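Let's take a walk through this fold, one strand and one contact at a time. Have the model open so you can click along.

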Amino acid sequence: QVQLVESGGGLVQPGGSLRLSCAASGTIFSIYTMRWYRQAPEKQRELVAFITNGGITDYAASVKGRFTISRDNAKNTVYLQMNSLKPEDTAVYYCQGNIYWGQGTQVTVSS
């Protein structure tokens, strides 16, 4: 059974940082493009960043220069380093690979 489990969310002040992790099990993680999405209340889910199995990355314009996606295939884990966080980054963050989704982790940016 394939599972993606996110962790690392929480409450942070504006300007702060968080690192999200997504651990995969039960699948050949290294072959998948992995993505981070987020969904804020009453908004559609949006793609934040992706990383291919070859390490190519791209980001939504709203997070470019502040967020960094990376992966460790030996640990079957993908990360999202989030710096200079803003209140508008508040959302539930989900990782996705192939047809699989994690359960989400809440990120709240507030003073």
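Start by finding Arg19 and looking across to strand 8: the bridge partner of Arg19 there is Gln81. Keep in mind as you go that this is a predicted model. Right beside that pair, Leu20 stands opposite Leu80 in strand 8. Both pairs belong to the pairing of strand 3 (residues 18-25) with strand 8, which is antiparallel and runs over six bridges.

Now look at the other neighbor of strand 8. Strand 7 (residues 67-72) is joined to strand 8 by six bridges, and these two also run antiparallel. If you want a landmark on this side, try Arg71, whose bridge partner in strand 8 is Val78. Strand 7 and strand 8 form a hairpin with four residues between the strands, and in that hairpin Asn76 takes a positive phi near 50°.

Zoom out a little and the sheet comes into view. It is an open sheet of four strands in the order 1-3-8-7, with antiparallel pairing. Strand 1 (3-7) and strand 7 are the edge strands, each pairing on one side only. From one strand to the next, the twist averages 15°. As a reminder, strands of a sheet pair through backbone hydrogen bonds, either parallel or antiparallel.

So why is strand 8 (residues 77-82) described as largely enclosed by the rest of the structure? The reason is that five of its six residues are buried. "Buried" here means under 20% relative accessible area.

That brings us to the nonpolar interior. The largest nonpolar core has 28 residues, and the ones with the most contacts inside it are Trp36, Leu80, Met82 and Tyr93. You've already met Leu80, the residue opposite Leu20. Strand 3, strand 4, strand 5 (46-51), strand 7, strand 8, strand 9 and strand 11 (105-109) each give two or more residues to this core. The largest share, four residues, comes from strand 3.

Met82 is a good residue to click on if you want to see the packing for yourself. Leaving out residues up to four places away in sequence, Met82 touches Gly16, Ser17, Leu18, Leu20, Arg66, Phe67, Tyr93 and Val107. Tyr93 also appears among the core residues with the most contacts.

Next, the charged side chains. The structure holds four salt bridges, and Arg38 is a handy place to begin. The side chains of Arg38 and Glu46 meet in a salt bridge at 2.6 Å, N to O. Are these two residues buried or exposed? Arg38 has 6% relative accessibility, so it counts as buried, while Glu46 sits at 33% and counts as partly exposed.

Arg38 has another partner too: the side chains of Asp89 and Arg38 meet in a salt bridge at 2.9 Å, N to O. This pair links distant parts of the chain, with Asp89 in the loop between strand 8 and strand 9 and Arg38 in strand 4 (residues 34-39), 51 residues apart. Asp89 is buried, as is Arg38. Bring in Arg66 and you have a network of salt bridges linking Arg38, Glu46, Arg66 and Asp89. Arg66, you may recall, is also one of the residues that Met82 touches.

For another salt bridge, go to Asp58 and Lys64, where the closest N and O atoms are 3.7 Å apart. Asp58 is partly exposed, with a relative accessible area of 35%, and Lys64, at 51%, counts as exposed.

Before you leave, check a couple of backbone oddities in the loops. Ser84 has a positive phi of about 50° although it is not a glycine. You'll find Ser84 in the loop between strand 8 and strand 9 (91-97), and that loop also holds Asp89. With 40% relative accessibility, Ser84 counts as partly exposed.

Further along, what is the phi of Asn98? The value is near 55°, again positive in a residue other than glycine. Asn98 is found in the loop between strand 9 and strand 10 (100-101). Its relative accessible area is 40%, so Asn98 is partly exposed.

Technical notes
Residues are numbered from 1 along each chain as its sequence is written. This is a predicted model: local features need pLDDT of at least 70, side-chain atom pairs count only at pLDDT 80 or more; totals for chains, interfaces and linings use all residues. Side-chain values use heavy atoms; hydrogens and water are left out. Buried means under 20% relative accessible area, exposed over 50%, partly exposed in between (1.4 Å probe, protein chains only). Two strands pair if DSSP finds at least two bridges between them. Axes are lines fitted to C-alpha atoms, for helices over the stretch in contact, and angles run from 0 to 180 degrees between N-to-C directions. A nonpolar core is a set of buried Ala, Val, Leu, Ile, Met, Phe, Trp, Tyr and Cys residues joined through side-chain atoms within 4.5 Å. Contact means heavy atoms within 4.5 Å.
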